[in-house]
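Colleague: Before this model is discussed, I should like to understand the terms used to describe it. May I put some questions to you?

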There are 2 protein chains.
Amino acid sequence: MAITLYDLAGAEADRRFSPFCWRTRMALAHKGLDVETVPWRFIEKDKLPAPNQGRVPVIVDGERVVHDSSAIADYLEERYPDRPSLFGGEVGRGLARFVQNWTETVLHIGLIRLVLLDIYRHLDPENQAYFRQDREKRFGTTLEEFVGDRNARLPAFRASLDPLRRTVERQDFVSGKSPAYADYIVFGAFQWARVISDFEVLAADDPVRAWRGRMLDLHEGLARRVPAYGG
Amino acid sequence: MAITLYDLAGAEADRRFSPFCWRTRMALAHKGLDVETVPWRFIEKDKLPAPNQGRVPVIVDGERVVHDSSAIADYLEERYPDRPSLFGGEVGRGLARFVQNWTETVLHIGLIRLVLLDIYRHLDPENQAYFRQDREKRFGTTLEEFVGDRNARLPAFRASLDPLRRTVERQDFVSGKSPAYADYIVFGAFQWARVISDFEVLAADDPVRAWRGRMLDLHEGLARRVPAYGG
């Protein structure tokens, strides 16, 4: 039986833009597991199976409900040990956490200043109202002001990718010769941006863009087969 | 027969401050290999065994000469496969490269603005003359000016450690439950700073400082048994 994935969607049911859900989507494909996704919107807290924390991804695998992308990755690795490994062992799992923390403190923080308003534009009116109120309270400014200087921010954002850039210049994937979960963590952020925004965050000749292309090619082009912009 | 390591030293022969040599020193200890270190100074290009690139670390293992810390780590892993692994497999090796690139583009770049002048202070007059000329040309300013605003830079430096901080808050080592080569890469940078400078770069309650303490305890306190400041 296929695993069910509750997956963040915009007003269009097939616009799937959560960076965390993309980690899970790619991890399921890496393991060769069938998945049925359920489009889910911010305000549908009561439609998630329990237990959950009011956020996605949440997966249902037979009787098991697992929430939180990291817990899901650990679950899949333990439950399906004979499928291709997500971590390649304990050191790989440990270091994937470092990559995750870099992604969340550098990459997500940088990207949100570029694409936050574009998320809003892809929501239905009810979710727009929720999203504007929630995010404007969180960030202490309007959505429009938050991304108003994004052209000026772009050079610093691109410079902040140096550790990633040097890595994928010298090896095909963050994890080495082959992709593994750490690649999906980083990729989730870029996929979020390209699904939700026509603002291209990567220069045409950036090695990070070539790596993003390799990621888009994986698993029969899984991440290309969704509505998205550019790249 | 012990492996010989050419190891960067200050005017005092036992002040060993190269972040790259510390990677190798810790990697040799991780593998349980005996080492004899040879103190080496910047201007002693002709004292290194061939082949080399005029820099340390260089190791001599029987007939083999290997230079460059990354090449040395790969060599040790391949030559001594039955000893504790430095990478824990190919994914771990790939991700260690990401950690290395983060260390060199964020951590080294940040630390050099805090401790460059302190390196100069620990050299003999001949090496001082070389170092001042070489580095002032490279950085386009005097050593004194380069670090003149280090107190003002400290908060941004500490903020740049967020990916590392989050990681070692939640697991004992960068590599997970046990230390591996990626830990030695990051540690090399902090050991460089504490060997050469009395400027404490980490706040007393920083989880990174607790991790540094765990690293200093490894291998019978190897990295504590050298002249250094604080922490």
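**Terms and values**

Modeller: Chain A contains nine helices and four strands, where helices (H or I, at least four residues) and strands (E, at least two) are DSSP runs, numbered from the N terminus. This is a predicted model, in which local features need pLDDT of at least 70, side-chain atom pairs count only at pLDDT 80 or more, and totals for chains, interfaces and linings use all residues. Residues are numbered from 1 along each chain as its sequence is written, chains are lettered from A and ligands numbered from 1 in the order in which they are written, and side-chain values use heavy atoms, without hydrogens or water.

Colleague: In what order do the elements of chain A follow along the sequence?

Modeller: The pattern is β-α-β-β-β-α-α-α-α-α-α-α-α.

Colleague: What makes the radius of gyration of chain A agree with that of a compact globule?

Modeller: The radius is taken over C-alpha atoms, and the globule rule is 2.2 Å times the number of residues to the power 0.38. For 231 residues the rule gives a value near 17 Å; chain A has 17 Å, so the two agree.

Colleague: What percentage of chain A counts as buried?

Modeller: Buried means under 20% relative accessible area (1.4 Å probe, protein chains only); 57% of the 231 residues of chain A count as such.

Colleague: Why are the two copies said to be related as by a two-fold rotation axis?

Modeller: Copies are superposed by least squares on the C-alpha atoms of residues with pLDDT of at least 70 in both. A turn of 180° and a shift of 0.0 Å along the axis lay chain B on chain A with an RMSD of 0.0 Å. The copies are therefore related as by a two-fold rotation axis.

Conventions. Buried means under 20% relative accessible area, exposed over 50%, partly exposed in between (1.4 Å probe, protein chains only).
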